[in-house]
Amino acid sequence: MTIEQHIEELRAELKNAYDAAERREIQTELDLAQAALAIIRAEQDGSVDAEPPY
């Protein structure tokens, strides 16, 4: 499963979640997945260096 697919699944789960605690958990996981995707894309286009600074 790609990260994009995972994000879409989380969005679908979030739409169907009725319990507030479950919604918070899914939203947190969605936020983390979207942040990871942003980092991956930044590394791929060269706007962020993937190597540690030391």
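**Which residue forms a salt bridge with Glu8, and how far apart are the closest N and O atoms?** That would be Arg11, with the closest N and O atoms 2.7 Å apart. A salt bridge here is a side-chain nitrogen of Lys or Arg within 4 Å of a carboxyl oxygen of Asp or Glu. Before we zoom in, a word on the model: it is predicted, so local features need pLDDT of at least 70 and side-chain atom pairs count only at pLDDT 80 or more, while totals for chains, interfaces and linings use all residues. Residues are numbered from 1 along each chain as its sequence is written, and side-chain values use heavy atoms, with hydrogens and water left out.

**View 1. The whole chain, before the close-ups.** The protein chain has 2 helices and 0 strands; these are DSSP runs numbered from the N terminus (helices are H or I with at least four residues, strands are E with at least two). Its radius of gyration is 14 Å, well over the 10 Å that the globule rule gives for 54 residues, so the chain is more spread out than a compact globule. That radius is taken over C-alpha atoms, and the globule rule is 2.2 Å times the number of residues to the power 0.38. Put a box around the C-alpha atoms along the principal axes and you get roughly 45 × 20 × 15 Å. Of the 54 residues, 17% are buried. For these labels, buried means under 20% relative accessible area, exposed means over 50%, and partly exposed is in between (1.4 Å probe, protein chains only). The accessible surface comes to about 4,400 Å², and carbon and sulfur atoms hold 52% of that. Such areas come from the Shrake-Rupley method with a 1.4 Å probe, and for residues only the protein chains shown count as cover.

**View 2. Arg11 and Glu8, a salt bridge inside helix 1.** Here's the pair from the opening question. Arg11 and Glu8 both sit in helix 1, 3 residues apart, which is about one turn of the helix. Are these two buried or exposed, or something in between? Arg11 counts as partly exposed at 36% relative accessibility, and Glu8 is partly exposed too, at 45%.

**View 3. Glu4 and Arg41, a salt bridge between the helices.** The structure holds 2 salt bridges, and here the side chains of Glu4 and Arg41 meet in one, at 3.9 Å from N to O. This pair links distant parts of the chain: Glu4 is in helix 1, Arg41 is in helix 2, and 37 residues separate them. Glu4 is partly exposed, with a relative accessible area of 37%. Arg41 is partly exposed as well, with a value of 47%. While you're looking at Glu4, find Ala33: the two are 29 residues apart in sequence, yet their C-alpha atoms are 8.6 Å apart in space.

**View 4. Leu37, a buried residue in helix 2.** Leu37 is found in helix 2. At 11% relative accessibility, Leu37 counts as buried. How far is Leu37 from Ile7 in sequence and in space? They are 30 residues apart in sequence and 9.2 Å apart in space, C-alpha to C-alpha.

**View 5. The negative surface patch.** Glu9, Glu13, Asp19, Glu22, Glu25 and Glu29 form a negative surface patch. The elements giving two or more residues to the patch are helix 1 (3-16) and helix 2 (20-45). Helix 2 supplies the largest share, 3 residues. To join a patch, residues need over 30% relative accessible area and no salt bridge; like charges are joined within 9 Å, and nonpolar side chains (Val, Leu, Ile, Met, Phe, Trp, Tyr) within 5 Å. Two members to pick out: Glu13 in helix 1, partly exposed at 40%, and Glu29 in helix 2, partly exposed at 36%. Over the protein chain, the mean positions of the 5 positive and 13 negative charges are 10 Å apart. Lys and Arg count as positive, Asp and Glu as negative, with His and the chain ends not counted. Each charge is placed at NZ of Lys, CZ of Arg, CG of Asp or CD of Glu.

**View 6. Ser47, past the end of helix 2.** Ser47 lies in the segment after helix 2. With a relative accessible area of 55%, Ser47 is exposed. Ser47 and Glu29 are 18 residues apart in sequence and 25 Å apart in space, C-alpha to C-alpha. Try Asp49 next: from Glu29, Asp49 is 20 residues away in sequence and 25 Å away in space, C-alpha to C-alpha.
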